[in-house]
Every structure is written in C-alpha cells, then in structure tokens.
Amino acid sequence: MSEQQQTLTVQQALDLGLQHQRAGRLSQAENIYQQILQSDPNQPSALHLLGVLAHQVGKNDKAVDLITKALDIQPDFAEAHCNLGLTLNELGKLEDAVASYQKAIALKPDYAEAHYNLGLARHALGKPDDASASYRKALAIKPDYAEAHYNLGNALRDLGKQEKAVASYGKALALKPDYAEAHCNLGATLQDLGKPDEAIASYRKALAIKPDYAEAQYNLGSALLGTGQHMEGLKY
C-alpha cells in the first residue's frame, strides 16, 4: 500500500468516525479513533477528535491532555486550538481559553466560531465591550449566526444599550424563530425599556417554545403582576 493510499484510508476512517460522533454514536467513533492511534499514536486529527469526544462526555481533563498532544504534533491546527479553548472554558480557565481562541484566530482569521467563543469567554470575564467586538467579528464573517446575534444582544444589554440589544435579539429571532432564550431576554430588555405589554408577549413566546423555562415563567409572572394582572400572574 502506497503512502498516499494509507493517508486516504486514515482520512476515510476519520470521516467515518466524525459521522458517528456527530450522530451521537460516540462508542463507534471512539473505537475508530483508537484503531487509528494503534497504528499511529501521533495522528493529530484522531487525537483531537478523541479529545473532543472526551469533552462531549464531560471528561474535560482528559480532553485537554488529548487536544494538547495533538497541538504538540501540529501547532497550526486552528480547530484544535478552538476546541481546547472550549474545554478550558468548561474547566473555568477563562484566561487560558481566551489565549486558545486567539491562537485559533491568528491561524484562521475568518474562523467565525472562534471569534464567537472568544466573545463568550470575554463576556464571562466581565468584559462585555470586548465581547461585543468579538461577536461583531463573528457576524462580519457569518451574518446568519443566530447565536452571535443573541449574545451580542446580551453584551449590549449589559452595556446599557437596550435599544441596540432589542435589535440584536430581533435579528437572532428572524434567523431562529424558536430561540426561546432570545424571546426571554428580548422580553427582559423590553421590560427595562418600560414596555411591559411587549415584554409579556415575548415571555409568552418563550414559554410556547419551552414550557418549563423557569426564568421566562418567573419574568412573565413578575411582568403580569406589575401590570395588575394578579390572578393571571399567579398561574405562573
């Protein structure tokens, strides 16, 4: 078997493993990645995907070890830097996560997901202004990124820019009408703006999508009580 054929065979195996992983067949995916690593313990894509799989099942320390090993072998692996950031974020290592996302972006400037994840980490660090800049970069690359519109709205709301936050939530909902969290946070922002009836309508939409959404239930009850609709408020 030629080197080219071997490479192709490994790539086909990686593609099959990734199909299983995306479909939730994690044990099948793990078996494929382990088989690849038995033949080549330093195969960076297999190490990376096995690390992502470990992250998926909550084994974040193991995920860090595997993805770091992949990066030791292939330092210019942008996706691995981004996924290392996600795992570090889960472990509460936000500054390290920021550094990983920045490495991913340095290697791949048009990596919308890395810009978005950098925004999330910056927001969690209490830097909504920096976060909003990252979300905007993600949206410049991927304008239909509903989650980035939503989280830009959250950052703008934290910055006291309620009207702009409303616009961002609206864009998120235009792309993803069943986005319960966006309906709920839109409602909260409308309530901040002194528009209780519009806020109530947004909370109702959130609950129509996600009936057990505790925050929306609480906010709706509070808004109803605030408008004097006491009996209806008590139902929630």
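Hi everyone, let's start with a helix pair: the axes of helix α8, residues 128-141, and helix α9, residues 146-158, come within 9 Å and cross at roughly 155°. Before I go on, please keep in mind that this is a predicted model.

So how do α8 and α9 run relative to each other? An angle over 145 degrees counts as roughly antiparallel, and therefore α8 and α9 are roughly antiparallel to each other. The handedness is worth noting too: α8 passes α9 in a left-handed crossing. On the α8 side, the contact is made by P128, S132, Y135, R136, A138 and L139, and on the α9 side by A148, H149, N151, L152, A155, L156 and D158. Sorted by class, this contact of α8 with α9 has 8 nonpolar, 3 polar and 2 charged residues.

Let me stay here for a moment and pick out a few residues. Take S132, which is found in helix α8. Is S132 buried or exposed? S132 has a relative accessible area of 6%, and buried means under 20%, so S132 is buried. What does its side chain have for company? A polar atom of the S132 side chain lies 2.7 Å from the backbone oxygen of D129. Setting aside residues up to four places away in sequence, S132 touches L152, A155 and L159. Two of those names may sound familiar, as L152 and A155 are among the α9 residues in the helix contact.

Across from there we have N151, found in helix α9. N151 is buried as well, with a relative accessible area of 11%. Which residues does N151 touch, not counting residues up to four places away in sequence? They are Y116, L120 and Y135. Y135 is one of the α8 residues in the contact we just went through.

Also in helix α9 is N154. At 13% relative accessibility, N154 counts as buried. Leaving aside neighbours within four places in sequence, N154 is in contact with H123, Y169 and N185. For H123 we also have a backbone distance: the C-alpha atoms of N154 and H123 are separated by 9.1 Å, and the two residues are 31 apart along the chain.

Two of those N154 partners lead us to the next pair. Helix α10, residues 162-175, and helix α11, residues 180-192, have axes that come within 9 Å and cross at roughly 155°. α10 and α11 are therefore roughly antiparallel to each other, and α10 passes α11 in a left-handed crossing. Here Q162, A165, V166, Y169 and L173 in α10 meet A182, H183, N185, L186, T189, L190 and D192 in α11. So you can spot Y169 and N185 in that list, one on each helix. By class, the contact of α10 with α11 has 7 nonpolar, 4 polar and 1 charged residues.

Finally, let's go back towards the N terminus. Helix α4, residues 60-73, and helix α5, residues 78-90, pack at an angle of about 155°, with their axes 9 Å apart. That makes α4 roughly antiparallel to α5. The crossing of α4 and α5 is left-handed. From α4, the contact uses N60, A63, V64, I67, T68 and L71, while α5 brings A80, H81, N83, L84, T87, L88 and E90. The tally by class for α4 with α5 is 7 nonpolar, 5 polar and 1 charged residues.

Thanks for listening, and I'm happy to rotate the model for anyone who would like a look.

Methods. Residues numbered from 1 in each chain as written. Predicted model: local features only at pLDDT ≥ 70, side-chain atom pairs only at ≥ 80, totals over all residues. Heavy atoms only, no water. Axes fitted to C-alpha atoms, helices over the stretch in contact; angles between N-to-C directions. Helix = DSSP H or I, 4+ residues; strand = E, 2+ residues; numbered from the N terminus. Parallel < 35°, antiparallel > 145°, perpendicular 65-115°, else oblique. Left-handed = near helix turned anticlockwise from the far one by under 90°. Contact = heavy atoms within 4.5 Å. Nonpolar A, V, L, I, M, F, W, Y, C, P; charged D, E, K, R; others polar. Buried < 20%, exposed > 50% of the residue type's maximum accessible area, 1.4 Å probe, protein only. Polar contact = N/O pair within 3.5 Å; in protein donor to acceptor, adjacent residues only side chain to side chain.
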